[in-house]
Amino acid sequence: MPKYIRNTGKSWTRTEVSQLRTLARENTPTRVIGLKLGRTEEAVRSKASSSGVSLKPTNQSPYNRGSKR
């Protein structure tokens, strides 16, 4: 039995959309957002797209990934 709430098929509440925005702003991975909100990763991506929420990581430089000095 999963320990998280499943909201599959239910409409999104304002609180959930607010949490989605907050978690996305904090660079939380999409899968983790889904687990916290009880939604599938695809549902999170879909709602983020329709709500104008960007799920792309913000403060990561493409130039220093993996470089060890």
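# Exercises on helix α1 and its surroundings

On the face of α1 that points away from its buried side lie the exposed residues R14, T15 and R25. The model used in these exercises is predicted.

**Exercise 1.** Determine which residues of α1 are buried, and where they lie around the helix axis.

*Solution.* Begin with the cut-off: a residue is buried when its relative accessible area is under 20%. In α1, the buried residues are E16, V17, L20, L23 and A24. Next, view the helix down its axis: the buried residues of α1 fall within an arc of 125 degrees, so they line one face of the helix. A general property of helices helps here: with 3.6 residues a turn in an α-helix, residues three or four places apart point the same way. Finally, identify the partners of this face: the buried residues of α1 pack against α2 (30–37) and α3.

**Exercise 2.** Compare the span of α1 with the span expected at 1.5 Å a residue, and state what is found at N27.

*Solution.* The helix α1 has 12 residues. From its first C-alpha to its last it reaches 17 Å, which is close to the expected 16 Å. After α1 comes N27, which has a positive phi, near 60 degrees.

**Exercise 3.** Establish how α1 and α3 are oriented to each other, and which residues meet.

*Solution.* First consider the axes: those of α1 and α3 come within 11 Å and cross at roughly 90 degrees. Angles of 65 to 115 degrees count as roughly perpendicular. The two helices α1 and α3 are therefore roughly perpendicular to each other. Then list the residues: V17, L20 and R21 in α1 meet V44, K47, A48 and S51 in α3. Sorted by class, this contact of α1 with α3 comprises 4 nonpolar, 1 polar and 2 charged residues.

**Exercise 4.** Decide whether S11 and G52 are buried or exposed, and locate each along the chain.

*Solution.* The cut-off for an exposed residue is a relative accessibility over 50%. S11 counts as exposed because its relative accessibility is 63%. Along the chain, S11 lies in the segment before α1 (14–25). Apart from neighbours within four places in sequence, S11 is in contact with E16 and R39. G52 also counts as exposed, because its relative accessibility is 64%. The position of G52 is in the segment after α3 (41–51). The C-alpha atom of G52 is separated by 9.3 Å from that of R21, although the two residues are 31 residues apart along the chain.

Notes
Residues are numbered from 1 along each chain as its sequence is written. This is a predicted model: local features need pLDDT of at least 70, side-chain atom pairs count only at pLDDT 80 or more; totals for chains, interfaces and linings use all residues. Side-chain values use heavy atoms; hydrogens and water are left out. Helices (H or I, at least four residues) and strands (E, at least two) are DSSP runs, numbered from the N terminus. Buried means under 20% relative accessible area, exposed over 50%, partly exposed in between (1.4 Å probe, protein chains only). Contact means heavy atoms within 4.5 Å. The expected span of a helix is 1.5 Å times one less than its number of residues. The arc is that of the directions from the helix axis to the C-beta atoms. Axes are lines fitted to C-alpha atoms, for helices over the stretch in contact, and angles run from 0 to 180 degrees between N-to-C directions. Angles under 35 degrees count as roughly parallel, over 145 as roughly antiparallel, 65 to 115 as roughly perpendicular and the rest as oblique. Ala, Val, Leu, Ile, Met, Phe, Trp, Tyr, Cys and Pro count as nonpolar, Asp, Glu, Lys and Arg as charged, and the others, Gly among them, as polar.
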